[in-house]
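I set out to record how the strands and helices of this model are arranged and where a few chosen residues lie. The entries are kept short and follow the order in which I looked things up.

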Amino acid sequence: VFTNSVASMKMDQVRYGLVCNESGGILDDILVYRWPYGFSVVVNASNRPKILAWFEKHRVGKNIEMVDQTDRTAMIAIQGPKSVEMVAGLFDADVSKLKYYYATPTLYCQQPCVVSRTGYTGEDGFEVMVANEYALSVWSEFIKRGAVPCGLGARDTLRLEAAMPLYGHELNEDINPIQAGLSWAVKLDKGEFIGRAALAAADATKPVRVGLEIDSKRAAREGSALLDADSKPAGTITSGSFCPWLDKSLAMAYVRPELSSVGTPLDVDVRGSTLNATVVPLPFYKRAK
């Protein structure tokens with residue numbers, strides 16, 4: 001990523017992608033950056049060893065070079081309505097001109113970096129990829145400009161409100177993209193890929209991802225069981241929290257397909273107590289364009 005010839009490069013599109021196994025299960029959800037010299041891939045940190053091994057396995061015998069830059073690279077996410085203001089004038093390129101899900105190589109204090117208009121909060125924002133030795137400088141500059149550090153707990157409520165699936169919760173190797181509501185990211189008509197045959201013949205009876213609004217301030221936590229109107233098992237909560245921006249208790253869950261229609265009432269078993277829930281449209285929150 002950190003080439004010195006950034007002046008000759010231009011902004012390009014970033015793609016959200018899924019790495020599937022042979023049975024169509026999701027190994028990881030990733031971002032793919034396309035450059036004139038090749039591709040950069042951002043994976044979930046916890047899945048890095050698995051995905052590196054998977055890529056290594058499938059590049060054997062092919063003319064492909066792969067370099068892992070994780071340990072020498074930092075990524076800082078600037079998210080929220082004031083994010084454009086935060087990045088103004090900080091980089092050689094005017095990154096405020098980037099369209100959503102586009103990226104550009106540029107310079108920070110004459111050092112190569114990459115800025116993309118991406119993030120996992122449902123809000124507008126940017127992600128800055130810079131060599132480790134300049135990360136503290138970039139971070140400190142954003143703090144001077146009024147940015148407030150945000151932990152993973154806050155990020156989690158934001159991505160939940162935006163109904164963004166998280167690996168290890170809504171996504172795993174036993175769940176396929178169709179179940180997860182990510183069929184838009186699967187292009188069966190654009191050539192062969194690992195898992196294509198399994199996805200083309202996906203089982204329509206498998207549980208599907210839905211949004212739930214809980215009739216309580218209590219949170220329906222991950223792993224909580226769902227029951228239908230006849231008190232039969234209906235599914236399982238995968239993410240749940242009281243969401244401060246919307247002032248509601250919300251959750252995502254996998255339920256039997258016949259229970260996925262908006263308006264379907266369900267019960268949530270939370271440590272022996274029952275909470276009433278209703279299937280609602282996803283996303284819960286959608287920012288203005």
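The entries below go through the two sheets, the helices beside them and some single residues.

**Entry 1. Status of the model**

I note at the outset that this is a predicted model.

**Entry 2. The open sheet**

I first traced the open sheet, which has seven strands in the order β3-β2-β1-β5-β6-β7-β4 with antiparallel pairing. I looked for its edges and found β3 (38-42) and β4 (73-79), each of which pairs on one side only. The average turn between neighbouring strands of this sheet is 35 degrees, direction ignored.

I then went through the pairs of strands. β1 (residues 12-20) and β2 (residues 26-35) are antiparallel and share seven bridges. In this pair I noted Val 14, whose bridge partner in β2 is Tyr 33. β1 is also joined to β5, in the antiparallel sense, by two bridges. Here Gln 13 has Tyr 102 of β5 as its bridge partner.

**Entry 3. The β5-β6 hairpin**

How many residues lie between β5 and β6 in their hairpin? I found two residues there, and Cys 109 in the turn has a positive phi of about 50 degrees. The two strands pair in the antiparallel sense over six bridges. One bridge places Tyr 108 with its partner Gln 111 in β6. As to cover, I recorded six of the seven residues of β5 as buried.

**Entry 4. Strand β7 and its neighbours**

I asked how many of the seven residues of β7 are buried. The result is seven of seven, and the strand is mostly covered. Four bridges join β7 to β6 in antiparallel fashion, and in this pairing Val 115 stands opposite Val 128 of β7. β4 and β7 also run antiparallel, and seven bridges join them. From this pairing I noted Ala 77, which stands opposite Glu 127 in β7.

**Entry 5. Helix α3 and a surface patch**

I next looked at what lies across the open sheet. Helix α3 lies across β4, β5 (102-108), β6 (111-116) and β7 (125-131), and runs at about 145 degrees to β7.

I chose Leu 136 for a closer look, and its place is in α3 (residues 132-144). Is Leu 136 buried or exposed? Its relative accessible area is 62%, so I entered Leu 136 as exposed, the cut-off for that being over 50%. Together with Trp 139 and Ile 143, Leu 136 forms a nonpolar patch on the surface, and the three have about 310 Å² of accessible area together. I add a general point: residues three or four places apart in an α-helix point the same way, because the helix has 3.6 residues a turn.

**Entry 6. The closed barrel**

I then turned to the other sheet, a closed barrel of six strands that runs β8-β11-β10-β9-β12-β13 with antiparallel pairing. In the barrel, neighbouring strands are turned by 40 degrees against each other on average, direction ignored. Among its pairs I looked up β12 and β13 (residues 273-280), which run antiparallel and are joined by six bridges. Asp 267 has Asn 276 of β13 as its bridge partner.

**Entry 7. Helix α4 on the barrel**

Helix α4 packs on the barrel sheet, where it touches β10 and β11, and its direction makes about 125 degrees with that of β10. I asked which residues of α4 (residues 152-161) are buried. They are Thr 157, Arg 159, Leu 160 and Glu 161. The cover over these buried residues includes β10 (233-243) and β11. After α4 comes Ala 163, for which I noted a positive phi near 60 degrees.

**Entry 8. Gly 263**

Where is Gly 263 placed? I found this residue in the loop between β11 (248-255) and β12 (265-270). Gly 263 counts as partly exposed because its relative accessibility is 45%, between the 20% and 50% cut-offs. Leaving aside residues up to four places away in sequence, I listed Thr 278 and Val 279 as the residues that Gly 263 touches. I also checked the separation of Gly 263 from Cys 150: the two are 113 residues apart in sequence and 34 Å apart in space, C-alpha to C-alpha.

How values were computed. Residues numbered from 1 in each chain as written. Predicted model: local features only at pLDDT ≥ 70, side-chain atom pairs only at ≥ 80, totals over all residues. Heavy atoms only, no water. Buried < 20%, exposed > 50% of the residue type's maximum accessible area, 1.4 Å probe, protein only. Contact = heavy atoms within 4.5 Å. Patch = residues over 30% accessible without salt bridge, like charges linked within 9 Å, V, L, I, M, F, W, Y side chains within 5 Å. Areas by Shrake-Rupley, 256 points an atom, 1.4 Å probe, with all protein chains shown as cover. Salt bridge = Lys/Arg side-chain N within 4 Å of Asp/Glu carboxyl O. Pairing = 2+ DSSP bridges. Axes fitted to C-alpha atoms, helices over the stretch in contact; angles between N-to-C directions.
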